[in-house]
Amino acid sequence: MANIVELRPGAVAVIVVDNPPVNALKQAVRAGLKDAFTRARDDASIHAIVLTAAGRTFMAGADITEFDKPPQPPGLIEVFDLMEASKKPIVAALHGTPLGGGLEVALTCHYRVAAPATRLGLPEIKLGILPGAGGTQRLPRLIGVDKALPMILSGDPISAQEALKNGLVDEIVEGDVTEGAIAFARRVLAEKRPLTRARDMEDKLKPYRDNPKLYDEVVAKSAKRTRGLAAPAAAIECVRWSFELPFDEAERRVREEFQKLRDGDQSKAQRHIFFAEREAAKVPDLPAGTKPREIKRAAVIGAGTMGGGISMCFANAGIPVTIVETSREALDRGLATVKRNYENTVKRGGLTPDEMERRLKLMTGTTDVDAIREADIVVEAVFEEMELKKQVFGKLDKLAQPNAVLATNTSYLNVNEIAKATARPPSVLGMHFFSPANVMRLLEIVRGAETAPDVLATAIAVGRKIGKVPAVVGVTHGFVGNRMLHARGIEAERMLLEGALPQDVDGALTEFGFPMGPFAMGDLAGLDVGWRVRKASGAKAEIADALVEAGRHGQKTGKGFYKYEGGSRSPIPDPDVEKLIVEASVRHGIKRRNLDRKEIFERLIFPLINEGARILDEGIAMRPGDIDVIWVYGYGWPVWTGGPMHYADRVGLPYIRDRLAEIAARAKNPKLEPAPLLAKLADGGGTFSSFKKAA
Ligand code: T1G
Ligand code: NAD
């Protein structure tokens with residue numbers, strides 16, 4: 001086995017880090033680096049050092065699994081002190097994704113060269129922390145405060161080309177990057193170039209030292225969403241210290257901030273989601289060596305809201321896609337919407353016109369279903385009607401090639417029943433996208449009773465390829481997300497009758513960090529959709545039904561639970577709605593009372609968690625973390641609280657059990673009684689996360 005850090009001697013020595021898969025800077029790597037830099041310092045035959053990494057990437061950061069354990073020396077700072085004291089030039093050879101601590105290592109080198117496809121970033125903010133090893137101090141010195149702060153606050157990487165432009169890298173090298181770095185180091189030696197240390201660079205800080213107010217403008221431009229989040233606010237302060245304080249004093253304070261964040265609930269929740277996201281696509285009972293099928297061409301049936309968005313996902317990933325509709329008119333409408341979406345992205349600067357054309361060219365619209373013969377995967381997105389879906393799958397069965405994967409985007413319907421409309425149920429599964437499909441990251445992959453292992457593996461691989469976060473779930477009405485959403489909705493409507501108004505209910509969720517509450521969401525999706533489903537099934541939702549019957553269909557009619565003025569999407573509380581709600585209370589003989597935020601919040605969230613417990617118990621979700629991932633990526637659950645099951649563990653299951661029992665008794669609704677698993681865990685002092693381990 002190769003050493004985890006190897007020193008290859010020579011006039012230009014090469015230090016190679018080899019810690020697959022992403023060369024995370026775990027303790028053994030830090031110790032290896034310390035040892036290698038010490039030996040390089042002490043070896044008189046070495047005149048310069050290239051730092052490189054084996055495998056797919058330069059170091060992608062600290063090892064996140066170490067954050068929950070006591071720190072083990074040496075720390076990165078010890079390694080950095082050695083590097084900065086070096087009299088021999090150190091050149092970083094970057095490829096892949098130098099991120100976080102990995103980029104901070106590179107920032108401490110005297111020079112940086114990069115392969116053309118390198119992406120460089122400080123993603124710590126996405127884990128609820130901030131760059132803890134010099135990133136907040138060295139990056140502003142190298143590229144300027146105005147360029148460093150947005151990188152730190154967004155956590156998004158930049159390209160090697162941009163890094164070259166802003167001074168983060170010194171050269172882009174084609175071919176082998178280590179060889180390129182060695183050649184670069186030789187030139188540094190030959191030309192006796194100075195040992196540039198980022199910590200000594202002052203030029204780019206000067207304007208802010210002279211006029212600290214300049215920084216307020218940078219902050220105003222860079223800070224997007226910081227409400228409720230501890231890390232962005234702290235990061236803004238840390239970058240401020242780069243021009244306010246001496247380097248070492250600033251770094252000392254940064255480390256304090258870093259440790260506070262690392263030990264806080266928000267970062268713990270975000271780290272939980274980082275690992276849960278990667279686990280959600282893993283299926284323990286898939287036979288080892290199961291290979292996904294090759295996907296060269298896709299087809300989508302239906303060019304409506306979802307079909308259009310799903311087609312964009314394929315085209316965005318470079319996969320040609322055929323879109324099948326029933327009529328030319330529906331097809332043209334669908335394709336026009338797709339085009340408009342792309343044009344808006346171009347207008348916002350998110351896409352070049354050429355790239356838009358390239359993507360549009362990958363899409364072929366047709367009214368001839370025969371065209372799906374060439375597809376390796378077909379995603380059906382027609383109306384939510386079982387008979388129609390069965391008919392469509394019957395046709396797909398006759399036309400699709402034997403190896404094709406047949407997926408349905410149904411929101412609720414039984415995937416096994418749909419599969420039975422074909423003679424090949426093993427090829428069928430659900431691929432449940434979320435609206436808008438080209439934007440939302442979640443992909444619920446619904447495994448049918450007969451779905452073949454390689455079909456499941458294909459859906460997961462395709463999901464990743466098109467940039468989604470796949471979570472594998474079982475068949476049940478509404479799958480994981482919508483089934484839990486339904487549980488939330490029941491109490492929402494009841495609370496209106498008891499005394500709350502839509503803005504009170506929605507406010508309880510937005511205050512917690514959701515982008516919107518159930519009523520604003522209903523207005524956005526269109527209230528008529530649910531109304532039609534209820535009419536068909538004989539179900540009722542008194543207030544929502546009354547609104548629809550009064551012509552209030554939501555944003556599309558300018559009125560729903562709220563009113564919307566002048567084409568705006570901002571909900572405005574409407575006295576007419578209040579009147580309608582109060583009248584309904586009177587009809588039911590309910591004396592309206594004041595419901596506080598806490599009661600509203602718990603009555604929305606605890607039933608949802610309860611349903612999550614049932615789903616876990618039934619094995620519909622494999623792990624509580626899968627449910628968390630579904631809610632964070634599909635339903636706007638605030639990531640810094642870690643998703644419903646993680647949050648429930650933090651609140652404490654006994655408290656939730658007791659509150660649910662009260663809510664159930666008051667509503668006389670046995671469905672709200674604590675689920676057996678929740679009760680069992682609460683009684684035994686357990687948590688949902690411990691349930692995962694016991695399974
Ligand atoms: N620590 C531990 N494990 C990690 C890891 C990390 N930093 N990064 C990835 N893994 C594991 C991951 O769980 C998965 O494991 C496998 O590697 C492959 O990952 C001091 C405080 C690099 C872009 O936040 O963004 O530095 O599931 O499936 O799609 O200031 O991983 O196979 O068991 O995601 O090719 C900052 C996090 C840390 C980078 C590769 N760094 N990683 O994506 O593979 S904080 C990050 C990523 C820090 C300093 C601080 C991505 C990737 P398993 P993958 P990928
Ligand atoms: P939609 O009404 O916007 O689009 C459906 C399209 O299917 C229409 O354009 C229609 O002409 C077309 N169609 C009907 N029969 C067809 C056939 N036999 N062949 C080809 N095309 C046909 O509906 P939508 O919102 O896109 O929903 C589609 C599916 O996605 C439904 O199953 C829905 O439950 C599911 N879904 C919707 C959402 C959402 O938020 N809208 C989210 C997730 C899943």
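Is Asp170 buried, exposed or partly exposed? Here are a few notes on this predicted model, starting with that residue.

1. Asp170 counts as partly exposed, because its relative accessibility is 34% and that class lies between the 20% limit for buried and the 50% limit for exposed. You will find Asp170 in the loop between helix H6 (160-166) and strand S8 (171-172).

2. As for its neighbours, Asp170 touches Tyr111, Arg112, Leu164 and Phe184, leaving aside residues up to four places away in sequence. If you would like a sense of scale, try Leu396 as the other end of a ruler: 226 residues separate Asp170 and Leu396 along the chain, and their C-alpha atoms are 55 Å apart.

3. Strand S8 also belongs to a sheet worth a look. This is an open sheet of six strands with mixed pairing, in the order S1-S2-S3-S4-S5-S8. Its edge strands are S1 (5-8) and S8, each of which pairs on one side only.

4. At the S1 end of the sheet, S1 and strand S2 (residues 12-17) run antiparallel and are joined by four bridges. To see part of this pairing, pick Glu6: its bridge partner in S2 is Val16. In general, strands of a sheet pair through backbone hydrogen bonds, either parallel or antiparallel.

5. Now to ligand 2. Its surroundings comprise 21 residues, and the closest are Met306, Glu325, Glu384, Lys389 and Ser411. Sorted by class, this shell holds nine nonpolar, nine polar and three charged residues.

6. Which atoms lie 2.5 Å apart at Glu325? They are a polar side-chain atom of Glu325 and an oxygen atom of ligand 2. In the side chain of Asn409, an N or O atom is 2.9 Å from an oxygen atom of ligand 2. Val382 takes part through its backbone, with an N or O atom 3.3 Å from a ligand 2 oxygen.

7. How much of ligand 2 does the protein bury? Taken alone, ligand 2 exposes 840 Å², and the protein buries 77% of that. Helix H13 (305-316), helix H16 (386-399) and strand S14 (428-433) are the elements that give two or more residues to the shell. Of the elements, H16 gives the most, with three residues.

Technical notes: Residues are numbered from 1 along each chain as its sequence is written. Chains are lettered from A and ligands numbered from 1 in the order in which they are written. This is a predicted model: local features need pLDDT of at least 70, side-chain atom pairs count only at pLDDT 80 or more; totals for chains, interfaces and linings use all residues. Side-chain values use heavy atoms; hydrogens and water are left out. A residue is near a molecule or strand if one of its heavy atoms lies within 4 Å of it. A polar contact is a pair of N or O atoms within 3.5 Å; within protein, one must be able to donate a hydrogen and the other to accept it, and residues adjacent in sequence count only if both atoms are side-chain atoms. Accessible areas come from the Shrake-Rupley method with a 1.4 Å probe; for residues, only the protein chains shown count as cover. Ala, Val, Leu, Ile, Met, Phe, Trp, Tyr, Cys and Pro count as nonpolar, Asp, Glu, Lys and Arg as charged, and the others, Gly among them, as polar. Buried means under 20% relative accessible area, exposed over 50%, partly exposed in between (1.4 Å probe, protein chains only). Contact means heavy atoms within 4.5 Å. Two strands pair if DSSP finds at least two bridges between them.
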